[in-house]
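Please open the structure in your viewer and keep the selection tool at hand. The stops below say what to select next and what is there.

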Amino acid sequence: MRASLILVPILLAGGAALAAPAAPTIGVSLQYRDTSVKPGDDFSRYANGGWSSGADIPPDRSSIGVGYEVSQRAEQRNAELVKAAAAANAAPGTPQRMIADYYNAYMDQAGIEARGLTPLRPQLAEIGSIATQADLARALGRRLRADVDPLNNTNFFTENLFGLWVSQSLDDPGRNLPYLLQGGLGMPDREYYLGQDPHMQKVRAAYRAYVGDMFRAAGMSDADARAERVVALENKIAAAHLDRTASEDVHKANNPWRTADLPRLAPGFDWNAYLGAAGLSAQPVIVAWQPGAIKGLSALAASQPLESWKDWLAFHTLNRNANYLPAAYDDLRFGFYGKALQGTTKQRDRWKRGLGFVNADIGDAVGRIYVQRYFPASSKAEVQGMVRNILAAFNRRIDGLAWMAPSTKREAKEKVRTLRVGVGYPETWRDYAGLAVRADDPAGNAERAREWEYRHQLAKLGRPIDRGEWWMTPQTVNAVNLPLQNALNFPAAILEAPYFDPKADAAANYGSIGAIIGHEISHSFDNTGAEFDASGRMKNWWTAADQAHFQQATKRLVEQYNAYEPLAGVHVNGEQTLGENIADVAGLAAAYDAYKMSLHGKPAPVIGGLTGDQRFFLAFAQSWRQKSREASLRQQVVTDGHAPAHERALTVRNIDAWYAAYGAKPGDKLYLAPQDRVRIW
């Protein structure tokens, strides 16, 4: 049950009571609706159409919406923190000094212009000296970074040939292992290289031109020929890649390889040289997340000319560091990744980008100060209360599953009971000891920060599992489920209005942040989370009949989302987005149950002419208020495991109470007969 706040009048010295607390606000934006749209035809447009029709996407953004607005607030706070850190003139090595020096180095455009390519000369010279396959392997190994995360943040992208993730074993929750993932592309996904539709062909042409322009800016000879070699090599890399949907299948990912066997399992690559340069030669086992791709990339290392690999390394060295180089490089990068890929017409203000890089590279240093200033204990306590309520509702829903066997229910309830929920910030912080941040070396700062994080992740190998480890900084507007830790992280920055407003009515808070909490809880039971037990071990804890029922229900959800067409001829991939869609449906259902429980049997007040149920579902749809550029939306459909925001708002069509609240009926476009509504948890 919801932990209610007991409001007791406090008597002043003269005997008068303090004024009663203000009535809760409605928590939704009635003016954002388009009441000309029937809720049963398009609930997203009904909830947000009034806002969308008048909303302009800023020229430096690919989309705008709730997340953008909350991020703007966090960004302004971060700016205040950086300004205060600079004014403090703190001692070298302290978090405040690191923040100030990192930011100031990036903002020193005159110094960046004066240094030109000098910061990259050692790397480019190393690449130029590659003469053997062993040299190539060492150069690639020195560039390996902990820049992928296939389970928590479902990040499969790295420009490096391979990416590393360090986390606990899928089979043994008591030890950490290194996981190796495919990489090597400059565009977001293999589909950008292999897809034949006109949009992909146009992007490929823009990419080829960009690669050549980057070589020209660096003064390298035969720029177009180099670009052709780079793109040709990346086409082969893309052909070797596993697609996004298959990459998310944890059963295909559980491939522990003895490092001694790598030359036999993935021939063509000098693995001894690579592992030695990467600091992994002492590891007895590496898990190959995409074994076929790793074999394919290894073969390419041997079959493709060294000159092609050297050009590829040189381009990606420039590309990865372009943000910290003179404007000629920075502008070229934006021209492709901003304009061509996402349709954004203007580069973000430099100070905003600087804050983003500080947060990406030394985020815990900022986050520790952020929560002290901007995250009150009262907000943490209230959200923790909501979490308890939604967990209780989820437990009740498990009890009510008539199709599920008692043995499966016991396992599911044990996962709920042992779920570790972090609210606001981690219990322990990175201290960045040993990280050198200089006020005159922005490219070096970024490279050293990436290497520091890599060493930090390697240090987890051979050490006890940290069940409280966080995978997001507190100033991040997001939330995450951690299947191997059976844990959730809710950063402080997302616990802000309109997602969470301490002054708002319970219906709005449960419909918005409550549904997000329910979503993350439900990830423990989606098509991936359901493969893990309470300890984080990959284990089948389902009866055969229960598993068949679950898979049949998820198949119907796949079909439901496959039918959505956010752009003409561009359909949502129901398999690719399945885990998120399961979490949306189950999370919304659990949040609704928790909201009803919070009323303690009393009727919800009517506020602004809306019943409690109407406010709950409206808050949910308005939490997905977003407007995107077409190019950005296309990229999301191809590369993201999440359905677009408009389609996520339509989750309501699977919840019985929504039909009663908004009068949706047969003949409405969103109407589903009761037997066709997807109910999973």
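On a 1 Å grid over the protein atoms alone, a cavity is a set of points where a 1.4 Å probe fits but cannot get out, and its lining residues have an atom within 4 Å of a point. Grid points are joined across faces, edges and corners, and a volume is the space filled by probe spheres set on the points. This is a predicted model, in which local features need pLDDT of at least 70 and side-chain atom pairs count only at pLDDT 80 or more, while totals for chains, interfaces and linings use all residues. Residues are numbered from 1 along each chain as its sequence is written, and side-chain values use heavy atoms, with hydrogens and water left out.

**The second largest cavity**

A search of the whole structure finds 4 cavities of 30 Å³ or more, and the second largest of them holds about 80 Å³ of space. To see its lining, select Leu140, Arg143, Glu159, Asn160, Leu161, Phe162, Tyr274, Trp312, Leu313, His316, Thr317 and Arg320. Helix 15 (residues 306-321) supplies the largest share of this lining, with 5 residues; helices (H or I, at least four residues) and strands (E, at least two) are DSSP runs, numbered from the N terminus. By type, the lining divides into 6 nonpolar, 3 polar and 3 charged residues, where Ala, Val, Leu, Ile, Met, Phe, Trp, Tyr, Cys and Pro count as nonpolar, Asp, Glu, Lys and Arg as charged, and the others, Gly among them, as polar.

**From Arg320 to glutamate 447**

Keep Arg320, one of the lining residues, and add glutamate 447, which is found in helix 20 (residues 442-458). Is glutamate 447 buried or exposed? Its relative accessible area is 17%, so glutamate 447 is buried, given that buried means under 20%, exposed over 50% and partly exposed in between (1.4 Å probe, protein chains only). Not counting residues up to four places away in sequence, glutamate 447 touches Arg145 and Arg320, contact meaning heavy atoms within 4.5 Å. The C-alpha atoms of glutamate 447 and arginine 320 are separated by 9.6 Å, although the two residues are 127 apart along the chain.

**Glycine 268**

Next select glycine 268, in the loop between helix 12 (262-265) and helix 13 (271-278). Glycine 268 and glutamate 447 are 29 Å apart, C-alpha to C-alpha, and 179 residues apart in sequence. Glycine 268 is partly exposed, because its relative accessible area is 37%, and beyond four places in sequence it touches Gln133, Ser298, Ala301 and Ala302.

**The loop between helix 6 and strand 2**

Two residues are worth selecting in the loop between helix 6 (133-142) and strand 2 (162-168), and threonine 154 is one of them. Leucine 151 has its place in this loop too. At 9% relative accessibility, leucine 151 counts as buried, and leaving aside residues up to four places away it touches Trp165, Leu170, Val250, Trp289, Pro483, Leu484, Thr528 and Phe532. Threonine 154 is partly exposed, with a relative accessible area of 23%, and its phi is near 40 degrees, a positive value in a residue other than glycine.

**Helix 2 and the loop after it**

Most residues other than glycine have a negative phi, and most peptide bonds are trans. Asparagine 89, in the loop between helix 2 and helix 3 (95-107), has a positive phi of about 50 degrees although it is not a glycine. At 64% relative accessibility, asparagine 89 counts as exposed. Now select alanine 86, which lies in helix 2 (residues 66-88) and is partly exposed at 40% relative accessible area. Apart from neighbours within four places in sequence, alanine 86 is in contact with Ala100 and Asn104.

**Proline 498 and helix 21**

Proline 498 is found in the loop between strand 8 (487-491) and helix 21, and the peptide bond joining alanine 497 to proline 498 is cis, with omega about 5 degrees. Finish by selecting helix 21 (residues 506-522) and helix 24 (residues 612-622), whose axes come within 7 Å and cross at roughly 35 degrees; axes are lines fitted to C-alpha atoms, for helices over the stretch in contact, and angles run from 0 to 180 degrees between N-to-C directions. The contact is made by Ala507, Ala508, Tyr510, Gly511, Ser512 and Ala515 of helix 21 and by Gly612, Arg615, Phe616, Ala619 and Phe620 of helix 24. These contact residues divide into 7 nonpolar, 3 polar and 1 charged.

Methods. On a 1 Å grid over the protein atoms alone, a cavity is a set of points where a 1.4 Å probe fits but cannot get out, and a pocket is an open set with protein on both sides within 12 Å along at least five of seven lines; lining residues have an atom within 4 Å of a point.
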